[in-house]
Amino acid sequence: MDRLDNTIRPYAWGSPTAIPQLLGVEPTGEPQAEMWMGAHPGAPSRTERGTLVEVIDTDPEKELGPAAVAKFGPRLPFLLKILAAGAPLSLQVHPDLAQAKEGYADEERRGIPVDAPHRNYKDANHKPELICALTAFDGLCGFRAPLEAAALLDDLGVDSLKPYVDLLHAHPEDAALREVLTAILTADREEMARTVEEAAAACDRLGGAYAPYADIAHHYPGDPGVIAAMLLNHVRLQPGEALYLGAGVPHAYLSGLGVEIMANSDNVLRCGLTPKHVDVPELLRIVRFHAADPGVLRPEAAPDGEEVYETPIDEFRLSRYVLPEAGTTHDLTRPTPQILLCTAGTVRAGDHDLTPGASVFVPAGEKAEVSGTGTLFRATVIA
């Protein structure tokens, strides 16, 4: 096993205290948003053998296993993170695999630099993701039923929202959601800023179900994404609960600490709550205008004490072990690559003692025995 030395990303929305508290270190005073574990070229984990990218490139079949290489190529197909949201992230969606390939190829043909601020597709991969709460965790996920969204907007008593309320009563529902989101994102910016200001004041006054949107408006005054956010389901996860976010599902994380895993991609199309580029036509092509329950996941029991978060994709498989006593050993050996992450207590993994926030990379087929008292997350692939 290789102990991982991981990069912490200081994005502005990050909590200044949550990750330091998990790691048991003093805060720096700066936001600490994400700790990356994996072989993403932007911030690969470091080992005594070099970066994880270098380790895998030296012998992909040995590190990843023949089955994973045959299915995903000579790269680690997932990125594991600890995510600490101290402020709302941008409202966003991710493309499916076909859309990502098509979009990436199109932007390559048009010669748009990969680091251009208006570029949508950084790579040709999709980005399904799963967030599992370590603390109470607030987010937005998927569209509300249009009539529910209409009632939420109508009760604000803001006259300029009445046209959106009327549109949300139209049929079919998917067309109603599309028309309203399009209208919000293409409205005159000055007029929309005034609407958002009135809506934010009403949210402050009403509280309760409106409190999350008042907070969003505080961080993003005048942003059309504040109104777009009210079309979405608000979800509060309790520790151990999770959300799976597939292609085309609009979402945003609002606050809390969690373990996140995703396919190894940077493809994001933003809907709002951001100063970054919003490509409305491409966004509307990607969004799936389907109202549904967000589908909170709870882990399902598997053999040997493993608890699995079931998802419909193969690039990652996330599970956890809650180890109640030090005398029991679990054999986690698999023919696929793994990252093991401790989030509570002290866990012995091979020759490594893991405390909260510590992680190891386990090459495919390498013996992986764990013991101790604590919580251990296991990230791997299905191959």
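Pro172 sits in the loop that runs between helix H7 (162-168) and helix H8 (173-186). In this predicted model, the peptide bond leading from His171 into Pro172 is cis, with omega near -5°. His171 turns up again in the lining of the second largest cavity, together with Pro146, Leu147, Leu168, His169, Ala170 and Glu173. That cavity encloses about 30 Å³, and its lining is a mix of 4 nonpolar, 2 polar and 1 charged residues.

Cavities of 30 Å³ or more number 2 in the structure. The largest cavity offers about 50 Å³ of space, and its walls come from Leu91, Phe143, Leu181, Ala228, Leu231, Leu232, Pro250, Cys271 and Val287. Sorted by class, that makes 9 nonpolar residues, with no polar and no charged ones. So the cavity around Cys271 has a purely nonpolar lining, given that Cys, along with Ala, Val, Leu, Phe and Pro, counts as nonpolar.

As for pockets, the second largest one has a volume of about 190 Å³. It is lined by 14 residues, and those closest to its centre are Gly142, Val249, His290, Ala292 and Asp293. Strand S9 (residues 137-143) supplies the largest share of this lining, at 3 residues. The wall here is mixed in character: 7 residues are nonpolar, 5 polar and 2 charged.

Strand S9 also matters for the surroundings of helix H10 (residues 211-219). Within that helix, Pro212, Tyr213, Ala214, Ile216 and Ala217 are buried. The cover over these buried residues includes S9, helix H6 (146-154), helix H9 (189-206), helix H11 (225-229), strand S10 (232-237) and S12.

S12 leads on to Asn264, found in the loop between strand S12 (251-263) and strand S13 (269-272). Asn264 has a relative accessibility of 14%, which means that it counts as buried. A polar atom of its side chain lies 3.2 Å from the backbone oxygen of Leu76. Once neighbours within four places in sequence are set aside, the contacts of Asn264 are Ala39, His40, Arg75, Leu76, Pro77, Phe78, Leu79 and Asn125.

On the far side of S13, Leu273 occupies the loop that connects S13 with helix H12 (280-286). Its phi is near 60°, a positive value in a residue other than glycine. With a relative accessibility of 1%, Leu273 counts as buried. A positive phi also shows up at Asp304, where the angle is near 65°, again in a residue other than glycine. Asp304 belongs to the loop between strand S14 (300-301) and strand S15 (306-309). Here the residue is partly exposed, because its relative accessible area is 40%.

What about the cysteines? The structure has 0 disulfides. For Cys132, the closest cysteine sulfur is that of Cys342, and at 14 Å it is too far for a bond. Cys271, already met in the lining of the largest cavity, is in no disulfide either, its nearest cysteine sulfur being that of Cys141, 12 Å away. Both residues are tucked away from the surface: Cys132 is buried, with a relative accessible area of 0%, and Cys271 is buried at 3%.

Finally, Gly65 falls in the loop between helix H3 (60-64) and helix H4 (66-72). A relative accessible area of 3% makes Gly65 buried. Leaving out residues up to four places away in sequence, Gly65 touches Pro60, Pro335 and Ala364. The C-alpha atom of Gly65 is separated by 52 Å from that of Arg189, a residue 124 places apart from it along the chain.

Technical notes:
Residues are numbered from 1 along each chain as its sequence is written. This is a predicted model: local features need pLDDT of at least 70, side-chain atom pairs count only at pLDDT 80 or more; totals for chains, interfaces and linings use all residues. Side-chain values use heavy atoms; hydrogens and water are left out. On a 1 Å grid over the protein atoms alone, a cavity is a set of points where a 1.4 Å probe fits but cannot get out, and a pocket is an open set with protein on both sides within 12 Å along at least five of seven lines; lining residues have an atom within 4 Å of a point. Grid points are joined across faces, edges and corners, and a volume is the space filled by probe spheres set on the points. Helices (H or I, at least four residues) and strands (E, at least two) are DSSP runs, numbered from the N terminus. Buried means under 20% relative accessible area, exposed over 50%, partly exposed in between (1.4 Å probe, protein chains only). A polar contact is a pair of N or O atoms within 3.5 Å; within protein, one must be able to donate a hydrogen and the other to accept it, and residues adjacent in sequence count only if both atoms are side-chain atoms. Contact means heavy atoms within 4.5 Å. A disulfide is a pair of cysteine sulfur atoms within 2.5 Å.
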